[in-house]
Amino acid sequence: MILYRYINRQLFMTTVVVTFVLVMVLVSGRFIKYLAEAAVGDIAADALFMIMAFRMPEFLQMILPLSLYIAVLLVLGRMYVDNEMVVLKACGISEGSLMRAMALPVLVTTAVIALFSLYVTPKGDAEVARLFEEQKGRSVLELLTPGRFHVRGSDDGYRATYAESLNRKDEALEGVFLSEFRLASSEEDTTELVTVWAQRGKVTEAYGMSYLELVDGYQYQGRPGDADFRKVHFDRALIRIGREQGTVRAPKTRSWDTTELMASPSNEARAELQWRLSLIGIVPVMALAAIPLARVNPRQGRFGKLIPAVLIYMFYMGLLLVMRSAISDAPADEVPPYLSMIWIHVLAVLLVLGLYLVPAWWARRRYTRGMSA
């Protein structure tokens with residue numbers, strides 16, 4: 001029991017440290033991406049942290065198996081370097097005893113991954129999709145930062161919006177500038193630039209659409225490079241800024257509940273279900289693989305086999321991702337039996353058995369040759 005507590009404590013601390021480092025690396029990159037979208041006004045700043053919070057279970061379900069795998073490599077590798085493993089083996093502690101010692105952290109990690117993969121992450125993805133849909137329907141008043149240009153592109157051009165100031169009391173923009181660049185849709189059409197400046201602007205709803213009501217302004221319309229621009233003064237103008245209400249896209253399969261995936265006959269649902277189950281199965285498989293992979297010579301150091309072991313893990317995950325895409329892209333009702341992630345797990349289990357049996361067989365062979373000589 002002292003040995004079990006010692007190994008579990010080392011695994012827990014190392015797993016926490018590795019998880020923290022990997023989460024910071026992954027979250028920082030994704031946070032910078034969302035921050036750039038918030039800076040240009042595609043999403044509101046107050047929704048940024050909500051999106052990151054809902055994405056956190058997805059990050060953890062990808063990081064925790066790797067963190068536990070690296071923790072086992074580092075802990076056992078240090079024990080080999082410090083000759084602690086030599087003493088344990090001399091006292092009769094076998095690799096089977098190490099498996100029993102690591103059973104608790106492996107089972108806890110597997111349970112957490114199962115909870116995230118089968119329940120928490122789909123709920124979080126659904127909330128993230130809902131937040132992004134809400135951002136598309138938010139008004140210019142909510143997304144526009146005074147003193148900065150807000151640019152949005154589409155298939156037929158882009159629109160740049162600018163406001164000198166924002167009157168929160170009256171919920172109105174002051175000193176509004178809009179520039180809409182429309183691309184030519186055919187050879188007969190021409191590229192056109194429409195520029196509008198108005199004293200005030202206010203968001204209004206009409207016919208299920210969002211409009212920006214501009215007061216006391218000018219519209220300049222023409223083609224870039226020509227001097228023939230039309231200038232029109234208006235007292236009141238409406239410019240559509242929102243999409244038609246009720247056109248919400250269907251959620252992706254990654255946002256479906258596990259029960260919905262099991263009931264759906266589509267290939268995308270089958271691929272997503274197998275992926276969620278694979279994230280659970282990869283934890284015990286790689287934890288068992290880490291025990292023989294952690295064997296190092298004291299002169300090699302505890303990091304001697306870390307890079308090859310991590311490459312093996314990445315290759316395993318890469319095969320699962322490739323199989324996920326193959327299952328999803330397969331024609332309907334024509335999925336061959338070999339397109340299943342179960343074969344990758346079977347191959348991984350056979351390789352793990354080889355890591356245990358081949359060195360033992362090779363040691364017995366060398367011993368037999370030595371005795372015969």
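Buried means under 20% relative accessible area, exposed means over 50%, and partly exposed lies in between. By that scale Phe-132, at 25% relative accessibility, counts as partly exposed. The model described here is predicted. This briefing covers its nonpolar cores, aromatic pairs and charged contacts.

**Nonpolar cores**

- The largest nonpolar core has 55 residues. Those with the most contacts inside this core are Tyr-69, Leu-73, Ile-282, Met-286, Tyr-316 and Leu-320.
- Several helices each supply at least two residues of this core. Among them are helix H1 (2–39), helix H2 (48–81), helix H5 (103–136), helix H8 (267–293), helix H9 (306–329) and helix H10 (342–372). Helix H3 (84–90) and helix H4 (95–101) also belong to that list.
- Another core, of 14 residues, lies apart from the largest one. Its members include Val-23, Ile-51, Leu-60 and Leu-131.
- Leu-73 is in contact with Ala-290, Leu-293, Ala-294, Leu-306 and Ala-309, leaving aside its neighbours within four places in sequence.
- In soluble globular proteins, nonpolar side chains tend to be buried together.

**Aromatic rings**

- A search of the whole structure finds three aromatic pairs. Two of them are described here.
- Tyr-34 and Phe-132 have ring centres 6.1 Å apart and planes at 55°, so this pair is tilted. Tyr-34 sits in helix H1 and Phe-132 in helix H5, 98 residues apart, so the pair links distant parts of the chain.
- Tyr-34 counts as buried, at 3% relative accessibility. Its partner Phe-132, at 25%, counts as partly exposed.
- Tyr-69 and Tyr-313 have ring centres 5.5 Å apart and planes at 25°, so this pair is stacked. The cut-off for stacked is planes under 30 degrees apart.
- The stacked pair also links distant parts of the chain: Tyr-69 is in helix H2, Tyr-313 in helix H9, 244 residues apart. Tyr-69 and Tyr-313 are buried. Tyr-69 is also among the residues with the most contacts inside the largest core.
- One ring meets a charge. The charged end of Lys-231 sits over the ring of Tyr-218, 4.8 Å from the ring centre.

**Salt bridges**

- The structure holds ten salt bridges. Side chains of opposite charge can pair when their charged atoms come close.
- Glu-58 and Arg-55 meet through their side chains in a salt bridge, at 2.9 Å from N to O. Both residues are in helix H2, three residues apart, so about one helical turn separates them.
- Glu-58 is buried, with a relative accessible area of 16%. Arg-55 counts as buried at 9% relative accessibility.
- Asp-257 forms a salt bridge with Lys-123, with the closest N and O atoms 3.6 Å apart. Asp-257 lies in the loop between strand E6 (230–240) and helix H7 (258–263), while Lys-123 lies in helix H5, so the pair ties together parts that are 134 residues apart in sequence.
- Asp-257 counts as partly exposed at 26% relative accessibility. Lys-123 is partly exposed too, with a relative accessible area of 37%.
- Arg-254 forms a salt bridge with Asp-125, with the closest N and O atoms 3.5 Å apart. This pair links distant parts of the chain: Arg-254 is in the loop between E6 and H7, Asp-125 in helix H5, 129 residues apart.
- Arg-254 counts as partly exposed at 32% relative accessibility, whereas Asp-125 counts as buried at 8%.
- Salt bridges that share partners join Arg-55, Glu-58, Asp-125 and Arg-254 into one network.

Note on methods:
Residues numbered from 1 in each chain as written. Predicted model: local features only at pLDDT ≥ 70, side-chain atom pairs only at ≥ 80, totals over all residues. Heavy atoms only, no water. Core = buried A, V, L, I, M, F, W, Y, C linked by side-chain atoms within 4.5 Å. Buried < 20%, exposed > 50% of the residue type's maximum accessible area, 1.4 Å probe, protein only. Helix = DSSP H or I, 4+ residues; strand = E, 2+ residues; numbered from the N terminus. Contact = heavy atoms within 4.5 Å. Phe/Tyr/Trp six-rings, centres within 6.5 Å; stacked < 30°, edge-to-face > 60°. Lys NZ or Arg CZ within 6 Å of the ring centre and 35° of its normal. Salt bridge = Lys/Arg side-chain N within 4 Å of Asp/Glu carboxyl O.
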